[in-house]
Amino acid sequence: MMTDPIADLLTRIRNASQGHHAGLRVPASKVKAEIARILKSEGFIENFELVQEGPQGTLNILLKYGADKLSVIRGIRRLSTPGCRRYVKTTSIPKVLGGLGIAIVSTSQGMMSDRDARKAKVGGELICAVW
């Protein structure tokens, strides 16, 4: 039984990008779709598609590679786990690699990148960091 579906998504993205796969399919959920939306808007993945098949549906993610055929995603890490949640105020949202990466934050106004959370002046739970 999988206890942390977000960590599973991040691990699948990490493994697929290190294996130079064009894309990947994961079981869908609203949280995973929001993470994929943020990764697309920040330029870390090419595209994603939510396919309604079966009771749960699947999320098809198309990975993005540079001209040198290296993955745009150099690293991806879960920050808040089910056993140890990490909540931060607006002023203490971390900058990933000095602003070169992003942190995804779950706020009361929905999921957003660290830059958007600072602009909206809201804190929340740190979900993951991508660089």
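**Close-up views of a predicted model**

**View 1. Helices H1 and H2 against the sheet of E1, E3 and E2.** In this predicted model, H1 lies across E1 and E3, and its direction runs at about 165 degrees to that of E1. H2 also packs on the sheet, where it touches E1, E2 and E3, and the direction of H2 makes about 155 degrees with that of E2. The sheet itself is open and is formed by three strands in the order E1-E3-E2, with antiparallel pairing. Because E1 and E2 stand at the edges and have a single partner strand each, one side of each is left without a neighbour in the sheet. From one strand to the next, the twist averages 20 degrees.

**View 2. The pairing of E1 with E3.** Strands of a sheet pair through backbone hydrogen bonds, either parallel or antiparallel. Here E1 and E3 run antiparallel and are joined by five bridges. For Val26, the bridge partner in E3 is Leu59. Outside the pairing of these two strands, E1 also contributes Arg25, which forms a salt bridge with Glu53, the closest N and O atoms lying 2.9 Å apart. This pair links distant parts of the chain, since Arg25 belongs to strand E1 whereas Glu53 sits in the loop between strand E2 (45–51) and strand E3 (58–63), 28 residues apart. Glu53 is partly exposed, with a relative accessible area of 38%.

**View 3. Helix H2, its buried residues and a salt bridge within the helix.** H2 has twelve residues and reaches 16 Å from its first C-alpha to its last, which is close to the 16 Å expected at 1.5 Å a residue. Lys32, Ala33, Ile35, Ala36, Ile38 and Leu39 of H2 are buried. The side chains of Arg37 and Glu34 meet in a salt bridge, at 2.8 Å from N to O. Because Arg37 and Glu34 are three residues apart in helix H2 (residues 30–41), about one helical turn separates them. Both ends of this salt bridge are partly exposed: Arg37 has a relative accessible area of 34%, and Glu34 has a relative accessibility of 30%. Just after H2, Gly43 takes a positive phi of about 85 degrees.

**View 4. A buried salt-bridge pair, Arg78 and Asp4.** Among the seven salt bridges that a search of the whole structure finds, one joins the side chains of Arg78 and Asp4, at 3.2 Å from N to O. Distant parts of the chain are linked by this pair, with Arg78 in strand E4 (residues 76–78) and Asp4 in the segment before H1, 74 residues apart. Arg78 counts as buried because its relative accessible area of 14% falls under the 20% limit. For Asp4 the relative accessible area is 13%, and this residue is buried as well.

**View 5. Glu125 in strand E8 and its surroundings.** Glu125 is placed in strand E8 and counts as buried at 12% relative accessibility. When residues up to four places away in sequence are not counted, Glu125 touches Ser80, Arg85, Arg86, Tyr87, Ile104, Val105 and Ser106.

**View 6. Two residues with positive phi that are not glycines.** His20, although not a glycine, has a positive phi of about 60 degrees, and the place of this residue is in the loop between helix H1 (5–18) and strand E1 (23–27). Lys121, likewise not a glycine, has a positive phi of about 55 degrees. Lys121 is found in the loop between helix H3 (114–120) and strand E8 (124–130), and at 67% relative accessibility Lys121 counts as exposed.

**View 7. The whole chain, as the setting for the close-ups.** The secondary structure of the protein comes to three helices and eight strands, and from the N terminus on the elements run α-β-α-β-β-β-β-β-β-α-β. Along its principal axes the C-alpha trace spans about 40 × 35 × 25 Å. A compact globule of 131 residues would have a radius of gyration near 14 Å, and the 14 Å of the protein agrees with this. Of the 131 residues, 40% count as buried. Among the contacts in the protein with a separation of 6 or more, 59% are accounted for by residues 24 or more positions apart.

Terms used: Residues numbered from 1 in each chain as written. Predicted model: local features only at pLDDT ≥ 70, side-chain atom pairs only at ≥ 80, totals over all residues. Heavy atoms only, no water. Helix = DSSP H or I, 4+ residues; strand = E, 2+ residues; numbered from the N terminus. Buried < 20%, exposed > 50% of the residue type's maximum accessible area, 1.4 Å probe, protein only. Contact = heavy atoms within 4.5 Å. Salt bridge = Lys/Arg side-chain N within 4 Å of Asp/Glu carboxyl O. Expected span 1.5 Å × (residues − 1). Pairing = 2+ DSSP bridges. Axes fitted to C-alpha atoms, helices over the stretch in contact; angles between N-to-C directions. Rg over C-alpha atoms; globule rule 2.2 N^0.38 Å.
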